[in-house]
Amino acid sequence: MRNVLSSFPVKNRRAVSQVMGSIVILGIVSSVGSVILFNGMNSISAFTYDLSFHEKSKNQIHREDIIFEHIRFEPNTDNISIDLANIGTVDSTITNITILKIDTQEIIANWVDVNDSVEVTNNQKIVLDDIDDSEIILTAGTQTWNDPYYVNSEYKISMTTSKGNFITTVASPFNT
């Protein structure tokens, strides 16, 4: 009896086995992948190096964050108390304050020089017109915040910091 397998003619086949094919593909992918990886790492390193040349003060502009905690329009006067909180990561200095009556576009305080520092995670109170009465200019009626001309309006309060940032809010006297 002949061998059962001998009934099929054996051909001389030459092919790459699946294991050898997988190893060749793995070698190609890993070599191309490492070239792409090292090129990307060099680009990231060059970008980080470029950032080191920028001015530190320019980088600190984006780390400055001040919020208005409370604005008090002093009754029977033209004084304003502004409570600020520094929630940023760098100390800030408020250089100028401008106050605008929104409905009439009347400038109440025009670029008042303040130069008050607000330290990180600290509060600061700025009082305008407390001493010399020249910072806030109320021209109508009794020239106090109690006057109906002023009490029924909203005011845009803008501050400029020494780093060049602007902080703005809208407030009204006596929460009207």
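Modeller: Before we start, one rule: two strands pair if DSSP finds at least two bridges between them. The model here is a predicted one. With that in hand, look at the hairpin of E6 and E7, which has 4 residues between its strands. Gly-164 in that hairpin takes a positive phi near 100°.

Biologist: What makes E6 and strand E7 a pair?

Modeller: The count of bridges. Strand E7 covers residues 166–171, and 6 bridges join it to E6. The cut-off is at least two, so the two strands pair. They run antiparallel, and one example of the register is Lys-156, whose bridge partner in E7 is Val-170.

Biologist: How do you know that strand E3 and E6 pair too?

Modeller: Same test. Strand E3 (residues 92–101) shares 7 bridges with E6, and at least two are needed, so they pair as well. The sense is antiparallel. Asn-96 has Thr-160 as its bridge partner in E6, and Leu-100 stands opposite Lys-156 in E6.

Biologist: Which strands does that open sheet hold, and in what order?

Modeller: It has 4 strands in the order E4-E3-E6-E7, with antiparallel pairing. E4 and E7 are the edge strands, each pairing on one side only. Ignoring direction, neighbouring strands of this sheet are turned by 20° against each other on average.

Biologist: Why is strand E6 called largely enclosed?

Modeller: A residue is buried when its relative accessible area is under 20%. In strand E6 (residues 155–161), 6 of the 7 residues are buried, so the rest of the structure largely encloses this strand.

Biologist: What about the sheet with 3 strands: in what order do they come?

Modeller: That one is open too, ordered E1-E2-E5, and its pairing is antiparallel. Strand E1 (66–73) and strand E5 (123–128) stand at the edges with a single partner strand each, so one side of each has no neighbour in the sheet. From one strand to the next, the twist averages 20°.

Biologist: How do you know that E1 and strand E2 pair?

Modeller: They are joined by 7 bridges, and the rule asks for at least two, so the pairing holds. Strand E2 spans residues 80–86 and runs antiparallel to E1. Ile-71 lies in strand E1, and its bridge partner in E2 is Ile-82.

Biologist: Why does Ile-71 count as buried?

Modeller: Its relative accessibility is 16%, and the cut-off is under 20%, so Ile-71 is buried. Leaving out residues up to four places away in sequence, Ile-71 touches Ile-80, Ser-81, Ile-82, Ile-157, Thr-169 and Ala-171. It also has a distant relation in sequence: Ile-71 and Phe-174 are 103 residues apart in the chain, yet their C-alpha atoms are 9.4 Å apart in space.

Biologist: And Thr-144, why is that one counted as buried?

Modeller: Its relative accessibility is 14%; under 20% is what buried requires, so Thr-144 qualifies. Thr-144 lies in the loop between E5 and helix H3 (148–151). Beyond four places in sequence, Thr-144 is in contact with Asn-76, Thr-77, Leu-138 and Tyr-150. Thr-144 and Phe-73 are 71 residues apart in sequence and 9.3 Å apart from C-alpha to C-alpha.

Biologist: What makes the link between the side chains of Thr-144 and Thr-142 a polar contact?

Modeller: The cut-off for a pair of N or O atoms is within 3.5 Å. The two side chains come to 3.0 Å, so the distance meets that cut-off.

Biologist: Which residues touch the most other members of the largest nonpolar core?

Modeller: Leu-84, Ile-97, Ile-99 and Trp-145, out of 27 residues in that core. E1, E2, E3, strand E4 (106–118), E5, E6 and E7 each give two or more residues to this core, and E4 gives the most, with 5 residues. Setting aside neighbours within four places in sequence, Ile-97 is in contact with a list of residues, among them Ile-82, Trp-111, Val-114, Ile-126, Leu-128 and Ile-157.

Biologist: How many helices and strands does the protein have?

Modeller: 3 helices and 7 strands, in the pattern α-α-β-β-β-β-β-α-β-β along the sequence. Of the 176 residues, 31% are buried. Among contacts with a separation of 6 or more, 57% link residues 24 or more positions apart. The accessible surface is about 12,200 Å², and 56% of that belongs to carbon and sulfur atoms.

Note on methods
Residues are numbered from 1 along each chain as its sequence is written. This is a predicted model: local features need pLDDT of at least 70, side-chain atom pairs count only at pLDDT 80 or more; totals for chains, interfaces and linings use all residues. Side-chain values use heavy atoms; hydrogens and water are left out. Axes are lines fitted to C-alpha atoms, for helices over the stretch in contact, and angles run from 0 to 180 degrees between N-to-C directions. Buried means under 20% relative accessible area, exposed over 50%, partly exposed in between (1.4 Å probe, protein chains only). Contact means heavy atoms within 4.5 Å. A polar contact is a pair of N or O atoms within 3.5 Å; within protein, one must be able to donate a hydrogen and the other to accept it, and residues adjacent in sequence count only if both atoms are side-chain atoms. A nonpolar core is a set of buried Ala, Val, Leu, Ile, Met, Phe, Trp, Tyr and Cys residues joined through side-chain atoms within 4.5 Å. Accessible areas come from the Shrake-Rupley method with a 1.4 Å probe; for residues, only the protein chains shown count as cover.
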